[in-house]
Amino acid sequence: MPLLGISLRVLQRQRQQETKIVSDDLKVSVLVSSSSGNVTYIETPKHHVLVDAGMSGKKIKESLESIGKDINDIDSLFVTHEHSDHVRGVGVLARRYDLNVYANKKTWAAMSSKIGKVPEEKKNIFEHNKVLTLDDLDIQSFAVSHDAADPQFYKFYHNGKEFVILTDTGYVSEKVAKTIENADGYLMECNHDIEMLRNGMYPWPLKQRILSEKGHLSNDDGARTIMDVIGNKTKEIYLGHLSPENNTKQVARDSVTEILEQHDFGVGHDFQIMDTDPKVADPLISL
């Protein structure tokens, strides 16, 4: 009997340790991603945060419920820039759910008229090229090139794991590439197929804007950026911010996969290419 008791205690300790390891993961779900709306969910044991709120508060609540999460548990919201597909629900969420909202000064100024009143105590200034620590979550901001007031994106770090969000940029500088290299997971912009855009119905000035250094990364640009930044740690790469007019999931995935395989990257072996959707949330994963 004593031997059995010792064995049970050992087993209980092992199970407790296993549970602790699982619960201490950095978890991610891309709730929606497209040129019509963008929201990403990040979770650690102590924090549940959103990056951007480019849908209505109701739709974000429903999207969180679809992955088994309660919007009342969200404590912070990080804003990348003031375009409507990133801030549509910011004001409603901040007021209704008492969220801390983080953005740089120029973005706050540019989005204030779009989001309505946010309590002053909930407004937080987070400039680019800084690191913010929230208990068990570190967030690094970095500037990008886009036609917004002062756009920035984020790298999230917890328990040795890193997740990077990089969309809405016309190009990726060496400084940004260095900042985000060898993360465990990425949400990488693949906004358009170049030929679909050029042959599409958009007016020429809009096409020029998208193709410019302050526009969006194409599928080819996204693939080249992936090759520049991934490393041995990288396991998950989401292709995001797809244009419904100038891209499809299949085209983006095939284009990126072809370029990576041409350069001997182990797609499907060393890391996975993941789709995102403008309406349906990706499953919550642990990095």
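# Exercises on a predicted model

The lining of the largest cavity is made up of six nonpolar residues, five polar ones and one charged one. Here Ala, Val, Leu, Ile, Met, Phe, Trp, Tyr, Cys and Pro count as nonpolar, Asp, Glu, Lys and Arg as charged, and the others, Gly among them, as polar. The model is predicted, so to speak of local features pLDDT of at least 70 is needed, side-chain atom pairs count only at pLDDT 80 or more, and totals for chains, interfaces and linings use all residues. Residues are numbered from 1 along each chain as its sequence is written, and side-chain values use heavy atoms, leaving out hydrogens and water.

## Exercise 1: the cavity

Task: Find which residues line the largest cavity, and which element gives the largest share of the lining.

Step 1. Begin with the rule: on a 1 Å grid over the protein atoms alone, a cavity is a set of points where a 1.4 Å probe fits but cannot get out, and lining residues have an atom within 4 Å of a point. Grid points are joined across faces, edges and corners, and a volume is the space filled by probe spheres set on the points.

Step 2. Count the cavities: there is one of 30 Å³ or more. The largest cavity holds about 70 Å³ of space.

Step 3. List the lining: V32, S33, N38, V39, T40, V51, D52, H86, F153, I165, T167 and L187.

Step 4. Sort the lining by element, where helices (H or I, at least four residues) and strands (E, at least two) are DSSP runs numbered from the N terminus. Two or more lining residues come from each of β1 and β2. Strand β2 has the largest share, with three residues.

## Exercise 2: the sheet

Task: Work out the order of the strands in the open sheet, and which strands stand at its edges.

Step 1. Two strands pair if DSSP finds at least two bridges between them. By that rule, seven strands form an open sheet with mixed pairing, in the order β6-β5-β4-β3-β2-β1-β14.

Step 2. Look at the ends of that order. β6 (123-125) and β14 (285-286) each have a single partner strand, so one side of each is left without a neighbour in the sheet.

Step 3. Now zoom in on one pairing. Strands β1 (residues 27-34) and β2 (residues 37-43) run antiparallel and are joined by seven bridges. One residue to check is V32, whose bridge partner in β2 is V39. Both V32 and V39 also appear in the cavity lining of the previous exercise.

## Exercise 3: the rings around F78

Task: Describe how the ring of F78 is placed against those of Y102 and Y154.

Step 1. Rings of Phe, Tyr and Trp (its six-membered ring) pair if their centres lie within 6.5 Å; planes under 30 degrees apart count as stacked, over 60 as edge-to-face and the rest as tilted. The whole structure has seven aromatic pairs.

Step 2. F78 and Y102 are stacked, at 4.7 Å centre to centre with 15° between the planes. F78 lies in strand β4 (residues 76-78) and Y102 in strand β5 (residues 100-103), so this pair ties together parts 24 residues apart in sequence.

Step 3. The centres of F78 and Y154 are 5.5 Å apart and the planes stand at 65°, so this pair is edge-to-face. Y154 is in strand β9 (residues 152-158) and F78 in strand β4, so the parts tied together are 76 residues apart in sequence.

Step 4. Check the exposure (buried is under 20% relative accessible area, exposed over 50%, partly exposed in between, with a 1.4 Å probe and protein chains only). F78 is buried at 0% relative accessibility, Y154 is buried at 0%, and Y102 is buried as well.

Step 5. Put the rings together: ring pairs link F78, Y102, F126, Y154 and F156 into a cluster.

## Exercise 4: salt bridges

Task: For D221 and R224, find how far apart the salt-bridge atoms are and where the two residues lie.

Step 1. A salt bridge is a side-chain nitrogen of Lys or Arg within 4 Å of a carboxyl oxygen of Asp or Glu. The whole structure has 14 of them.

Step 2. The side chains of D221 and R224 meet at 2.8 Å, N to O. Both residues lie in helix α9 (residues 219-229), three residues apart, or about one helical turn.

Step 3. D221 is partly exposed at 22% relative accessible area, and R224 is partly exposed at 41%.

Step 4. Finish with the network: salt bridges that share partners join K155, K161, E162, D184 and K233.

Conventions
On a 1 Å grid over the protein atoms alone, a cavity is a set of points where a 1.4 Å probe fits but cannot get out, and a pocket is an open set with protein on both sides within 12 Å along at least five of seven lines; lining residues have an atom within 4 Å of a point.
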